[in-house]
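Student: Please choose one part of this model and examine it closely. I should like a connected account of how that part sits within the whole.

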Amino acid sequence: LNIHTGLSPYYRGGNSNLWPIYNLQPNFCGFTIHLMTSGIDSGPIIYSDYVDARDFELSYPRVNNFCIQKAVEVLPDII
């Protein structure tokens with residue numbers, strides 16, 4: 001399993017919650033829990049949830065930390 005701090009399949013790779021803010025798509029921030037494959041954040045999605053960055057004043061660190069916290073909270077139920 002992988003916790004991806006980004007909303008797959010829309011944003012993959014590093015800083016995946018920064019790019020939606022930069023691209024003025026604050027509702028495309030979030031996290032994805034997926035199975036790992038050889039592709040970049042491309043495995044089958046098990047769970048994902050979005051976070052509207054406007055609720056965090058478009059602050060990338062605050063959005064990203066919140067996504068990590070929420071992913072860790074739901075992970076035991078997924079496992």
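Tutor: Accessible areas are obtained by the Shrake-Rupley method with a 1.4 Å probe, and for residues only the protein chains shown count as cover. On that basis the accessible surface of the protein is about 4,800 Å², and 54% of it belongs to carbon and sulfur atoms. The model is predicted: local features require pLDDT of at least 70 and side-chain atom pairs count only at pLDDT 80 or more, whereas totals for chains, interfaces and linings use all residues. Residues are numbered from 1 along each chain as its sequence is written, and side-chain values rest on heavy atoms, with hydrogens and water left out.

The part chosen here is strand 2, and its setting comes first. Helices (H or I, at least four residues) and strands (E, at least two) are DSSP runs numbered from the N terminus. The protein has two helices and three strands, arranged from the N terminus as β-α-β-β-α. Its radius of gyration, taken over C-alpha atoms, is 12 Å; the globule rule (2.2 Å times the number of residues to the power 0.38) also gives 12 Å for 79 residues, so the protein is as compact as a globular protein of that length. The C-alpha trace spans about 30 × 25 × 15 Å along its principal axes. With contact defined as heavy atoms within 4.5 Å, residues 24 or more positions apart supply 57% of the contacts that have a separation of 6 or more.

A residue is called buried under 20% relative accessible area, exposed over 50%, and partly exposed in between (1.4 Å probe, protein chains only). Of the 79 residues, 34% are buried. In strand 2, six of the six residues are buried, so this strand is largely enclosed by the rest of the structure. Cys29, Phe31 and Ile33 point one way from strand 2, while Gly30, Thr32 and His34 point the other way.

What encloses strand 2? The sheet gives part of the picture. Two strands are said to pair if DSSP finds at least two bridges between them. Strands of a sheet pair through backbone hydrogen bonds, either parallel or antiparallel. Here the three strands form an open sheet in the order 1-2-3, with antiparallel pairing. Strand 1 (2-4) and strand 3 (45-51) each have a single partner strand and stand at the edges, so one side of each lacks a neighbour in the sheet. Neighbouring strands are turned by 10° against each other on average, direction ignored; such axes are lines fitted to C-alpha atoms, for helices over the stretch in contact, and angles run from 0 to 180 degrees between N-to-C directions.

Strand 2 (residues 29-34) is joined to strand 3 by six bridges, and to strand 1 by three. Thr32 has Ser48 of strand 3 as its bridge partner. His34 is the bridge partner of Asn2, and His34 also stands opposite Ile45 in strand 3.

Helix 2 (residues 60-78) packs on this sheet and touches strand 1, strand 2 and strand 3; its direction makes about 30° with that of strand 2. The expected span of a helix is 1.5 Å times one less than its number of residues. For the 19 residues of helix 2 this gives 27 Å, and the end C-alpha atoms are 26 Å apart, which agrees. Val63, Asn64, Cys67 and Ala71 are the buried residues of helix 2. Their cover includes strand 1, helix 1 (18-22), strand 2 and strand 3.

The loops that flank the chosen strand deserve a brief remark. Most residues other than glycine have a negative phi, and most peptide bonds are trans. Asp41, in the loop between strand 2 and strand 3, has a positive phi near 50°, and Asp41 is buried at a relative accessible area of 13%. In the loop between strand 1 and helix 1, Asn15 has a positive phi of about 55° and is partly exposed at 41%. Pro9 also has its place in the loop between strand 1 and helix 1, and the peptide bond from Ser8 to Pro9 is cis, with omega near 5°.
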